Amino acid sequence: GHDSPVPRNSYVRLKHSESNTWVHSTAIPIDKDEEKPIMWKIGSAKIKEDKEAFQLIPVPANEVRDLDFATDAAKMLQTFADKMFHNQLLVNDRRTLCTLLTDLIYFVAECEESGSNNVDPFEIQLTKPNRERQKLMREQNILQQVFRILKAPFVEYGNKNGIRVSELKESKHGLQPIFRLCYRTLKHSQQSYRKNQEYITKQFGFMQNHIGYDVLAEET
């Protein structure tokens, strides 16, 4: 029946009721910039293909929470990166951004539970990296937005009214704490995970420009 519950692990066909079409897979990659794409677009067609069946697999609640956190964090980072690029980052924004980056370090290091607020984010050591959380950092564009933040304030990277990299250490700009947290986030995101290492390595030349400014670029 139309409103009947669908059992878990069922094989189903999906109909898009608004357009009266059937959902099907495609060979069009979403992550087309990757050497080996793993995400593919779906499409819709008037004709129902018997082979286009989907399995409904239950997802553990903790995975849903992790995904929600990662997507929300990426959106917030994008907002802050945009503000930095337009020189509109206020003092309160800096505090919030530092808190968010600290939360991301706790997240990827799996120490965001109770009492973690007392943990210095720069003292955290990853003994058993969580591959799934590291993967979320890349796939939900968190790493991309971290690099945008690291580039946004500077004339050298398109900010016409920005500062020069050589001014990074000046306390009046308030960038050093933010950059240190960014680099620590990058460090934990790539530990023992080749895919993220390859992603971050593409920015290696850019990261070298921050060496010598006490923002943990060398360590990263």
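Guide: A charge sits over a ring if NZ of Lys or CZ of Arg is within 6 Å of the ring centre and within 35 degrees of the ring normal. The model discussed here is predicted.

Visitor: What makes Arg-180 count as lying over the face of Phe-122?

Guide: Arg-180 is at 5.0 Å from the ring centre of Phe-122, and the limit is 6 Å, so the distance condition is met. The charged end of Lys-48 likewise sits over the ring of Trp-22, 4.9 Å from its centre.

Visitor: How many aromatic pairs does the structure hold?

Guide: There are 4 aromatic pairs.

Visitor: Why is the pair of Phe-69 and Phe-107 called tilted?

Guide: The planes of Phe-69 and Phe-107 stand at 45 degrees, neither under 30 nor over 60, so the pair is tilted. Their centres are 4.8 Å apart. Phe-69 belongs to helix H1 and Phe-107 to helix H2, so the pair ties together parts 38 residues apart in sequence.

Visitor: Why is Phe-69 called partly exposed, and what makes Phe-107 buried?

Guide: Phe-69 has 27% relative accessibility, which falls between 20% and 50%, so Phe-69 is partly exposed. Phe-107 has a relative accessible area of 3%, under 20%, and is therefore buried.

Visitor: Why is the pair of Phe-147 and Phe-206 called edge-to-face?

Guide: The planes of Phe-147 and Phe-206 are at 70 degrees, over the cut-off of 60, so the pair is edge-to-face. The centres lie 6.4 Å apart, within the 6.5 Å limit, so the rings pair. Phe-147 is in helix H4 and Phe-206 in helix H7, 59 residues apart. Both residues, Phe-147 and Phe-206, are buried. Ring pairs join Phe-147 and Phe-206 with Tyr-157 in a cluster.

Terms used
Residues numbered from 1 in each chain as written. Predicted model: local features only at pLDDT ≥ 70, side-chain atom pairs only at ≥ 80, totals over all residues. Heavy atoms only, no water. Phe/Tyr/Trp six-rings, centres within 6.5 Å; stacked < 30°, edge-to-face > 60°. Helix = DSSP H or I, 4+ residues; strand = E, 2+ residues; numbered from the N terminus. Buried < 20%, exposed > 50% of the residue type's maximum accessible area, 1.4 Å probe, protein only.
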